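Here is a short briefing to read with the structure open beside you. Take the topics in any order you like.

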Amino acid sequence: MADVMDDMYREVILDHYKNPRNRGKLEPADISYEDDNPLCGDRIRIDIRLDENRRVKEVAFSGQGCAISQASASMLTEEIVGKLVDDLKQISKEDILELLGIELGPVRLKCALLSLKVLKAGVYGLDKTTDSPNSTDQSV
Amino acid sequence: MTSNSAFDTARIRADFPILSREVRPGVPLVYLDSTATSQKPTAVIEAMDRYYRNSNANIHRGVHTLAEEATGLYEGARDRVAGFINASSRKEIIFTRNTTEAINLVANAWGRANIKAGDVIVLTEMEHHSNLVPWQMLAAEKGAIIEIIPVTDDGELDLSTFDAILRKSPKIVCCTQMSNVLGTINPIPEIAAKAHAAGALVLVDGAQSVPHFAVDVQTLGADFLAFSGHKMCGPTGIGVLWGREALLEAMPPFLGGGDMIRRVYLREFKAADLPNKFEAGTPAIAEGIGLGAAVDYLLNLGLDRIHQHEQAIIAYALERLEEVPGVKVFGPKAERKGGVAAFTLAGVHPHDIAQILDTDGVAVRAGHHCAMPLHDRFQIPASARASFYLYNTTDEVDKLINGLYKVKELFG
C-alpha cells in the first residue's frame, strides 16, 4: 500500500541514497574497515580521520547496496563528525532507526545496521592496535 | 488470462488456498517466487493432515494397525515418485531432506569411496551452491581437482570447453538440468553421453526441472538425479535422490543409525537393502506422504501441459520486461528456458525492487539466489527474480511490470 512504501522510502532516505553525504575513501585513514552482508551482497567501507583529541575530523563511506543500507551509511557519517571515538561505541541500533525514521523487518534491519556494524568493528579494532587496521574482506 | 486455453488457471488457483489471501487488506498476493518454493494445493495439505489425524505411527517395524497404515502410505509415496520419473525400481528412490542432502549423500557415500587425490570433478558456473559446496568439501578433503564448464554471455553452458575437460578423465560431471537464476534448460542427454564416453558418472540437479516438465530417468542419461518436494507442490523436509541401482548397491551407507541396518552387533553392523540403507532414523513420514500427493496432483494435470503453460507465461513476461527501460534480463530466450526471469533495473538495488513490489503484493526474490559464482560471472552483486509456476497468470505478469514502473518513478 502507498503509505507502507512512502514510509520505507521516505524522501529523506531517497535523498541520502541519490545524493550520499561523505561518499568516497580516505587514504590514509586512522580507522578503516569494510564488511558485507552476504545475504544480499551489500558492502560498506568506512574510513575515518581523527584529530589530536581523538575526535572524528573526517569520515567517508564507500560500497554498494540497497537504498536502506546506503542511506543509513550516509546519515551515520553525518552524525559522527566531531564525536569522540569512545562515544561512537555508544551508538545503538535504536539510534540508527531513529535517523532513518522507519520501522524495519528482520531482513531489512540487517541492511540498515550494516554501516553501524562496520563503524563499530573499525572503532574496536583501533583499540586493539595502535596501527590503523587494514580493511578486512571477510567474504570467501 | 492465460494463452493456453486447455489449461484452466482459475480452477488450478482454486486448488491453492494461499493464493486467495491478501498480503494486506485490499492487496491480493501475486506469488512470483516458486523457484524458491512452490505453494501447496489442498490435496497435499489434506494428505498430511489426514495422516496425522488418522494414521500417525512410526513406520517399518510396527505390526499394529496404525504402523501398517503409516508404512503403506509412506512406501506408497515412494512408488509414486518412482513412477513419476520412470525409475526402474522403487529401490532406486532414496528419500532425503531435500536436493542439498541428496547431493551431499552422493558426495559423501560415493565420493569418499571413489574420489582420490588428483581425480577430476566437473561442475558448471551456473550451479546452485548445493551442487558446488559438497564437491568443494570433498575435493578439499581428498585433494581432488575441480574443473568448471563456463557460462556464455547468453546464459548457456559453453560446451565448447567440454571436450578438453573430458580429456582429463573426470570421475563425475555434476550439472543442473535447469538454472534457478537464468532458467536455462541444459542438454543433459548430450552432456551425459559425452561424460559416459569419457568414463565419468553424471549427477543432475533436478530441483528446478522435475517440478516443471517431464523428466524420465530412462532417457535423461544421468546416473544420479536429486530433487526437492517443496518446489513441486509438496512439503518442505522431503527430497529425493534417484540413483542407478548398481551404483547405490556398491556405495557405502551415508548416515548411520536405525532403519538403515539389517543386523547390528556391538562392534559392527550389516547395512539394510536399498532403499533403507540410505535412510537412517525416523524419516519425514508426513512429508513423504505429502510428496506422494503432490506427484498425484501434478500427474493429474499433466507435466507437458504445465510446461506449456509456463512457456507461454515466460515468453510474455520476457516481452514485457524488455519494454521497461533500464531492465536487463539474464539468461537465454524464452524457448530455451523455463519460467524464471532474473533481472536488474538500472540504478536500483534488487532489494529495493523487491521491497517496493511487495507493497503491491508482488512477491519476487532479491539476492544472489544461492548462485554467487554465477552473479560474479555477470559482474552483478545481486538480481531480482520473478519465477512462474502452474498457477501464475499473465495478469500477474502485468502487475509485476506495473510495479517496476512504480519503482522507476520512485527512484527516477
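A good place to begin is a pair of strands in chain B: strand S16 (residues 365–367) runs antiparallel to strand S17 (residues 383–387), and three bridges join them. Please keep in mind that this is a predicted model. The points below start from S17(B), then move to a sheet, the overall build of chain B, a helix pair in chain A, some backbone details and the contact between the chains.

**Strand S17 of chain B and its partners**

- Within the pairing of S16(B) with S17(B), B:Arg365 has B:Arg385 as its bridge partner.
- S17(B) also pairs with strand S14 (residues 340–345) of chain B, again in the antiparallel sense, here over four bridges.
- In that second pairing, B:Ala341 is matched with B:Ala386 of S17(B).
- As a general reminder, the strands of a sheet are paired through backbone hydrogen bonds, in either a parallel or an antiparallel manner.
- Is S17(B) mostly covered or mostly exposed? It is mostly covered, with five of its five residues buried.
- Side chains in a regular strand alternate between the two faces of the sheet.
- In S17(B), B:Ser383, B:Arg385 and B:Ser387 point one way, while B:Ala384 and B:Ala386 point the other way, and all of them are buried.

**A seven-stranded sheet in chain B**

- Seven strands of chain B form an open sheet with mixed pairing, in the order S4-S10-S9-S8-S7-S5-S6.
- The edges are strand S4 (93–96) and strand S6 (145–149) of chain B; each has a single partner strand, so one side of each has no neighbour in the sheet.
- From one strand to the next, the twist averages 20°.
- Inside this chain, strand S5 (residues 120–124) and strand S7 (residues 172–176) of chain B are paired in the parallel sense over two bridges.
- B:Ile121 has its bridge partner in S7(B), namely B:Ile172.
- Helix H5 (residues 133–142) of chain B packs on the sheet, where it touches S5, S6 and S7 of chain B. The direction of this helix makes about 150° with that of S6(B).

**Chain B as a whole**

- Chain B holds 14 helices and 17 strands.
- Its radius of gyration is 22 Å, close to the 22 Å given by the globule rule for 412 residues, so chain B is as compact as a globular protein of that length.
- The C-alpha trace of chain B spans about 70 × 55 × 35 Å along its principal axes.
- Of the 412 residues in chain B, 50% count as buried.
- Taking contacts in chain B between residues at least 6 apart in sequence, 69% join residues at least 24 apart.

**Two helices that cross in chain A**

- Helix H3 (residues 67–80) and helix H5 (residues 93–100) of chain A have axes that come within 10 Å and cross at roughly 105°. The two helices, H3(A) and H5(A), are therefore roughly perpendicular to each other.
- On the H3(A) side the meeting residues are A:Ala71, A:Ser72, A:Met75, A:Leu76 and A:Glu79, and on the H5(A) side they are A:Ile96, A:Leu99 and A:Leu100.
- Sorted by class, this contact of H3(A) with H5(A) has six nonpolar residues, one polar and one charged.

**Backbone details in the loops**

- The peptide bond from A:Glu27 to A:Pro28 is cis, with omega near 0°. A:Pro28 sits in the loop between helix H2 (11–18) and strand S1 (31–37) of chain A.
- The loop between H2 and S1 of chain A also holds A:Asn22, whose phi is near 55°, a positive value in a residue other than glycine.
- Why does A:Asn22 count as buried? It has 20 C-beta neighbours inside 10 Å, and the cut-off for buried is 20 or more.
- In chain B, the peptide bond from B:Leu274 to B:Pro275 is cis, with omega near 0°. B:Pro275 belongs to the loop between strand S12 (269–271) and helix H10 (285–301) of chain B.
- B:Asp259 has a positive phi near 75° and is a residue other than glycine; its place is the loop between helix H9 (245–250) and strand S11 (261–264) of chain B.
- With 18 C-beta neighbours inside 10 Å, B:Asp259 counts as partly exposed.

**Where the chains touch**

- Chain A brings 13 residues into contact with 14 residues of chain B.
- Helix H1 (residues 2–8) of chain A gives the most to the chain A side, with three residues.
- By class, the side of chain A that touches chain B has ten nonpolar, three polar and no charged residues.

Definitions and conventions:
Residues are numbered from 1 along each chain as its sequence is written. Chains are lettered from A and ligands numbered from 1 in the order in which they are written. This is a predicted model: local features need pLDDT of at least 70, side-chain atom pairs count only at pLDDT 80 or more; totals for chains, interfaces and linings use all residues. The radius of gyration is taken over C-alpha atoms; the globule rule is 2.2 Å times the number of residues to the power 0.38. A residue is buried if 20 or more other C-beta atoms lie within 10 Å of its own, exposed if 12 or fewer, and partly exposed in between; C-beta atoms are placed from the backbone. Two residues are in contact if their C-beta atoms, placed from the backbone, lie within 7 Å. Axes are lines fitted to C-alpha atoms, for helices over the stretch in contact, and angles run from 0 to 180 degrees between N-to-C directions. Angles under 35 degrees count as roughly parallel, over 145 as roughly antiparallel, 65 to 115 as roughly perpendicular and the rest as oblique. Ala, Val, Leu, Ile, Met, Phe, Trp, Tyr, Cys and Pro count as nonpolar, Asp, Glu, Lys and Arg as charged, and the others, Gly among them, as polar. Two strands pair if DSSP finds at least two bridges between them.
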